[in-house]
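Me: I am a first-year student and would like to go through one structure by question and answer. Please show the sequence and structure before we start.

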Amino acid sequence: MVKVQLYGQALLDTKAQTAWRLGAWSGTTGWPETVGWHKSRLAFAGTLEEPQKVWESQTEDFTNFGVSHVLEASDAVTAGILSGQVNRIQWLVDDNDLIVGTSKAVRAVGKATDQDPFGPENVEQRPETNFGANGVSPIKVGSVLLYFGPYGTDMREMAYDFGANGRVSQSVSEVQSHLFRPGISGACFQQYPDSIIWAWDKQGSVVGFTYERQQQVYGMHRHDFGGPVECLADLTGSGSDEVWLIVRRTINGATRRYIEIMQRPFQDGTAEKAWHLDCAALYSGVPANRVTGLSHLEGEEVVLFADGTDYPATVEGGEVSLPNGQTAEDILIGLNVTAQAKTLPYPIAAQDGSALGRKMRVDSCQIAVQQTGSLRAGSEDGYLDELVYYRAGDPSGELAPLRSGVLNQCVETRWQDGGQLALEVSGGKPSTILAINFGRDVEP
């Protein structure tokens with residue numbers, strides 16, 4: 001017999017109940033910390049009292065976690081993660097099995113036998129890898145799962161391996177491990193136009209990971225938006241995915257948070273339509289000299305990208321003006337972005353041994369570009385040569401046209417640069433690099 005005493009409230013119905021049980025979730029035993037989907041079921045996992053247990057609802061009945069007197073395949077499923085360790089469940093991912101990420105391992109909940117349907121009498125949990133995960137939701141790209149390690153300082157790729165007859169986890173961030181040192185706080189996946197995983201760390205820095213596994217294209221890149229990024233999200237846009245972000249900026253001495261949208265990479269078009277400034281606003285219309293409505297950039301030094309030409313200015317009273325009474329039809333006003341890249345040290349094998357540690361410099365470069373209006377190359381701490389400029393035959397009195405092809409030029413670098421080439425672009429003009437080659441001079 002169970003005796004119940006109520007305080008401060010009355011029962012709505014005092015009829016006898018024959019079907020009841022003590023719930024697994026409550027204010028004392030805890031509530032699930034993780035939620036996911038699996039085979040048309042709503043799944044919860046990880047309470048205070050049972051951090052390694054998974055609960056799945058009945059099939060297509062997401063609020064029903066009960067079972068029949070005689071078990072049926074559509075009944076709710078409860079499974080415990082038995083690994084010999086108490087590892088808190090961090091996330092759930094729907095696949096052929098329910099992939100369960102814990103702090104010290106990744107395991108799977110699925111069928112015990114393939115012939116029978118998944119249900120409370122046909123459930124099994126098994127290990128996948130002993131490389132654990134943190135609480136950031138993993139990214140699924142095709143059939144591959146990308147997730148972050150238990151401390152958020154590395155990224156791992158988990159994919160099926162025929163030789164191992166199971167999923168194998170390997171690091172994809174070893175070469176760029178310094179980018180993850182502060183610890184990743186969250187991530188999102190932009191599928192189109194390019195496959196890029198965008199992650200932000202605890203300090204508000206953003207790391208992009210270009211990931212095309214079938215083409216064996218992998219590359220990480222750091223992005224500075226002029227303030228800490230607190231969140232990123234991928235949303236469906238017009239013709240491509242859009243990455244939305246919350247940036248915390250200090251404007252005119254005050255802290256503000258802006259919701260901003262990354263523009264898609266520049267493809268074909270005129271330079272005037274490029275968008276390569278941060279926190280920017282666009283004026284487009286009849287020729288104008290002054291642009292108002294810029295209180296969100298009050299007191300900031302900005303760039304006016306007017307009809308394809310850069311002009312520096314400072315926002316005062318929420319407005320800026322072009323110098324010398326000039327006018328333009330398209331004026332983009334925003335914070336300047338300086339994009340920088342540096343090639344890796346070149347491992348030359350000399351006849352008398354390794355070239356490691358020898359002085360080396362770059363004396364020429366060949367860079368394939370597409371629709372590029374500005375690009376500088378040279379020494380990181382020295383002089384950078386402009387590679388895009390007026391040429392014989394270009395229309396006089398007009399902007400230099402966007403270049404596509406190979407830019408071949410001698411550059412000035414120093415012996416102590418180690419044979420590395422620095423590249424830089426700033427302002428509003430587009431720049432797209434397709435390939436890089438350069439000549440080197442090595443000391444004997």
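Me: Over the face of which residue does Arg361 lie?
Reply: The model is predicted, so to speak of a local feature a pLDDT of at least 70 is needed, side-chain atom pairs count only at pLDDT 80 or more, and totals for chains, interfaces and linings use all residues. Residues are numbered from 1 along each chain as its sequence is written, and side-chain values use heavy atoms, with hydrogens and water left out. A charge sits over a ring if NZ of Lys or CZ of Arg is within 6 Å of the ring centre and within 35 degrees of the ring normal. Arg361 is 5.3 Å from the ring centre of its partner, and that partner is Trp415.

Me: The charged end of Arg156 also sits over a ring; how far from the centre?
Reply: The ring belongs to Phe131. The charged end of Arg156 is placed over this ring, and its distance from the centre is 3.7 Å.

Me: How many aromatic pairs does the structure hold?
Reply: Rings of Phe, Tyr and Trp (its six-membered ring) form a pair if their centres lie within 6.5 Å. By that rule the number of aromatic pairs is 10.

Me: Are the rings of Phe209 and Tyr211 stacked, edge-to-face or tilted?
Reply: A pair of aromatic rings is described by the distance of the centres and the angle of the planes. Planes under 30 degrees apart count as stacked, over 60 as edge-to-face and the rest as tilted. The centres of Phe209 and Tyr211 are 5.5 Å apart and the planes are at 55°, so the pair is tilted.

Me: Is Tyr211 buried or exposed?
Reply: Buried means under 20% relative accessible area and exposed means over 50%, with partly exposed in between (1.4 Å probe, protein chains only). Phe209, at 2%, counts as buried. Tyr211 has a relative accessibility of 1%, so this residue counts as buried.

Me: Which residues touch the most other members of the largest nonpolar core?
Reply: A nonpolar core is a set of buried Ala, Val, Leu, Ile, Met, Phe, Trp, Tyr and Cys residues joined through side-chain atoms within 4.5 Å. In soluble globular proteins, nonpolar side chains tend to be buried together. The largest core here has 20 residues, and those touching the most other members are Phe148, Met155, Phe180 and Ile197.

Me: Which elements give two or more residues to this core?
Reply: Strands are DSSP runs of E with at least two residues, numbered from the N terminus. Among the elements that give two or more residues to this core are strand 9 (139–141) and strand 10 (144–148). The others are strand 11, strand 13, strand 14 and strand 15.

Me: How many salt bridges are there?
Reply: A salt bridge is a side-chain nitrogen of Lys or Arg within 4 Å of a carboxyl oxygen of Asp or Glu. Glu50 and Lys53 meet in one of them, at 2.9 Å from N to O. By this rule the count is 17.

Me: How many residues apart are Arg213 and Glu157, whose side chains meet in a salt bridge?
Reply: The N to O distance in this salt bridge is 3.0 Å. Arg213 is in the loop between strand 15 (206–212) and strand 16 (217–223), while Glu157 is in strand 11 (residues 155–161), so far as sequence goes a separation of 56 residues.Me: Is Glu157 buried or exposed?
Reply: Its partner Arg213 has a relative accessible area of 33% and is partly exposed. Glu157 has 3% relative accessibility, so this residue counts as buried.

Me: Which residue meets Asp330 in a salt bridge?
Reply: The N to O distance is 3.4 Å. Asp330 is buried, with a relative accessible area of 10%, whereas its partner counts as exposed at 55%. That partner is Lys273.

Me: What is the phi of Cys279, which is not a glycine?
Reply: Cys279 lies in strand 20 (residues 278–288). Cys279 is buried, at a relative accessible area of 10%. Its phi is positive, about 50°.

Me: Is Asn324 buried or exposed?
Reply: Asn324 is found in the loop between strand 24 (320–321) and strand 25 (328–335), and has a positive phi of about 60° although it is not a glycine. Its relative accessibility is 76%, so Asn324 counts as exposed.

Me: Which residue does a cis peptide bond join to Pro193?
Reply: Pro193 is in the loop between strand 13 (184–190) and strand 14 (196–201). The omega of the bond is about 5°. The residue joined to Pro193 is Tyr192.

How values were computed. Helices (H or I, at least four residues) and strands (E, at least two) are DSSP runs, numbered from the N terminus.
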